[in-house]
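Let's explore a protein model together, one question at a time. Have the sequence and the 3D view ready.

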Amino acid sequence: MSDSERPLNFLEHIIEDDLKNGFPKDALRFRFPPEPNGYLHIGHASSICLNFGLGLRYNAPVNLRFDDTNPAKEEQEFVDAIKRDVEWLGYQWNTERYASDYFQQLHDWAVVLIKEGKAYVDSQTSEEMAAQKGTPTESGTESPFRNRSVEENLELFADMKAGKYDEGMHVLRAKIDMTSSNMLMRDPIMYRVLHKAHHRTNTDWCIYPMYDWTHGESDYIEQVSHSLCTLEFAMHRELYNWFLDQVVDQERVRPKQREFARRNLSHTVVSKRKLARLVEDGVVNGWDDPRMPTISGLRRRGYSPESIRNFADTIGIAKRDNLIDVSLLEFQVRDHLNKVAPRVMGVLDPLKVVITNYPDGEEEWLDAENNPGVESDGSRKVPFSKEIYIEKEDFREEANKKFFRLKLGKEVRLKNAYIIKAESCTKDSEGNVIAVQCTYDPKSKSGSGTEESLRKVKGTLHWVSIKHALEAEVRLYDRLFTDESPDTHKDKDFMEFVNPDSLNVITGYLEPSLKDAKVGDQVQFQRLGYFCVDPDTTSEKLVFNRTVGLRDSWAKIEQKS
């Protein structure tokens with residue numbers, strides 16, 4: 001369904017109503033405003049797709065603005081990662097902005113509020129302020145410093161800016177209403193002292209504005225028309241508007257904040273704090289670990305930007321928080337990779353097969369389609385020889401009629417090759433099958449057009465020639481948590497639900513066409529799943545990550561439980 005054909009979401013209805021009521025279309029402007037204190041995750045991807053999607057729909061500019069007001073947690077590394085992720089998803093911002101660009105303007109406005117008697121310096125401890133703020137059912141009490149003179153407030157604020165006070169000694173608060181039913185309106189903090197170097201302004205500032213004071217004013221400076229936030233900011237809207245009331249010029253665009261629901265993903269966590277803990281505790285190997293729900297992790301695992309955009313479009317925009325099953329995301333990547341990923345053969349749990357009647361020392365190169373049904377994707381050559389690997393699970397000595405793979409006395413077709421028949425097997429001292437002896441029908445070569453090649457057999461197996469196989473490290477990734485919603489248990493830490501089998505590293509044997517595979521290349525190992533080349537790959541060592549299996553292996557497990 002094209003963008004113009006699909007029904008409008010409720011945010012688009014809001015914009016359409018504004019346009020009908022006279023808001024000029026050329027004044028529309030959106031923004032994506034991440035804080036650079038971590039890597040973006042799948043929840044941010046939905047917000048990126050929303051804001052940049054609106055920009056495309058209405059041919060309106062979209063700013064990428066970094067809300068960088070906390071130097072204690074923010075780093076240039078995170079800024080660079082965020083820019084990389086947005087571009088990888090296929091979007092281009094109109095201008096790159098930073099809240100730190102506006103530190104001077106925000107400070108100057110704060111001085112105006114002090115002069116107007118709308119802000120004051122509070123010298124209570126954080127514990128004292130918390131106590132006097134009251135509760136949702138009880139009004140707060142005024143700070144003993146609330147009625148300081150304008151002159152004293154200006155002098156204290158100037159000294160805060162000059163670095164004369166330690167952290168926690170003073171804060172600047174807006175003077176609003178300590179009896180408000182909305183606790184955020186009970187004299188919120190606007191500035192605090194932080195003696196930390198900022199990743200852009202270094203040590204130019206030692207007072208930093210709070211998010212609520214910064215966000216709406218930054219939107220106004222940038223002339224953002226619609227400021228779209230997640231649902232937890234709904235209670236902040238009243239404060240957003242109060243702060244705007246203090247600075248807006250009626251001749252300029254006044255931003256409108258509206259909220260949409262978060263989309264949480266099952267079997268994962270999307271709190272930056274919790275993701276940071278996974279990294280810090282060594283549960284995963286960094287923010288881009290393929291088990292992480294970060295955009296960087298998904299990219300490394302082999303997800304395509306198209307699959308993530310399709311996922312965001314499928315789940316849509318809602319007014320209530322809900323939990324989206326991760327299988328929907330996995331479906332989207334399967335659906336996209338099924339169309340674009342070339343088919344190759346690899347064996348991950350090898351069992352040796354010796355074709356006893358195939359000539360010793362002989363080999364032949366057989367034609368194999370890169371993507372059956374898509375002729376334009378061409379073909380490649382795969383080598384065939386006397387000894388091959390198949391998957392261990394594809395052979396049984398004896399099996400019932402529903403087992404359509406290789407068993408003693410029965411035939412299967414080798415993909416792109418010949419029909420073989422299992423004649424005997426060799427076992428080790430513990431009774432494990434270590435080799436299977438087969439015969440092949442020389443006239444049954446796939447595509448040869450002979451009567452024998454057209455013969456129907458029920459099973460078709462993938463395989464690789466042992467002589468030509470490439471060894472590769474294969475990382476089999478699975479869901480990071482065993483529980484559907486690991487961070488919603490009040491009596492348990494989310495770390496208790498970490499899946500001990502979320503990564504299994506094995507040696508795989510791959511067809512030689514993959515020798516020149518490049519980092520990021522995506523393929524389907526036939527009958528096994530979708531894989532991609534990991535950045536750890538070198539000229540001496542291939543490393544593949546499993547993106548997702550061909551089928552949802554968790555569906556049956558969850559059905560049973």
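Two strands pair if DSSP finds at least two bridges between them; strands (E, at least two residues) and helices (H or I, at least four) are DSSP runs numbered from the N terminus. This is a predicted model, where local features need pLDDT of at least 70, side-chain atom pairs count only at pLDDT 80 or more, and totals for chains, interfaces and linings use all residues. Residues are numbered from 1 along each chain as its sequence is written, and side-chain values use heavy atoms, with hydrogens and water left out.

Q: How many bridges join strand S14 to strand S22?
A: Look for S14 at residues 350-355 and S22 at residues 433-440. Isoleucine 355 stands opposite cysteine 438 in S22. The two strands run parallel, and the number of bridges joining them is 4.

Q: Which residue takes a positive phi in the hairpin of S21 and S22?
A: Strand S21 (residues 419-427) runs antiparallel to S22, joined by 7 bridges. Lysine 427 stands opposite valine 433 in S22. Between the strands of this hairpin are 5 residues, and the one with a positive phi near 90 degrees is glycine 431.

Q: Which are the edge strands of the open sheet S4-S5-S6-S7?
A: This sheet has 4 strands with antiparallel pairing. An edge strand here pairs on one side only. That description fits strand S4 (119-122) and strand S7 (207-209).

Q: Which helix gives the most to the largest nonpolar core?
A: A nonpolar core is a set of buried Ala, Val, Leu, Ile, Met, Phe, Trp, Tyr and Cys residues joined through side-chain atoms within 4.5 Å. Buried means under 20% relative accessible area (exposed is over 50%, partly exposed in between; 1.4 Å probe, protein chains only). The largest such core has 45 residues, with Phe30, Ile42, Ile48, Phe52 and Val86 having the most contacts inside it. With 7 residues, the helix that gives the most to this core is H2.

Q: Are H2 and H11 roughly parallel or roughly perpendicular to each other?
A: Axes are lines fitted to C-alpha atoms, for helices over the stretch in contact (heavy atoms within 4.5 Å), and angles run from 0 to 180 degrees between N-to-C directions. H2 and H11 pack at about 75 degrees, with their axes 9 Å apart. Angles under 35 degrees count as roughly parallel, over 145 as roughly antiparallel, 65 to 115 as roughly perpendicular and the rest as oblique. H2 and H11 are therefore roughly perpendicular.
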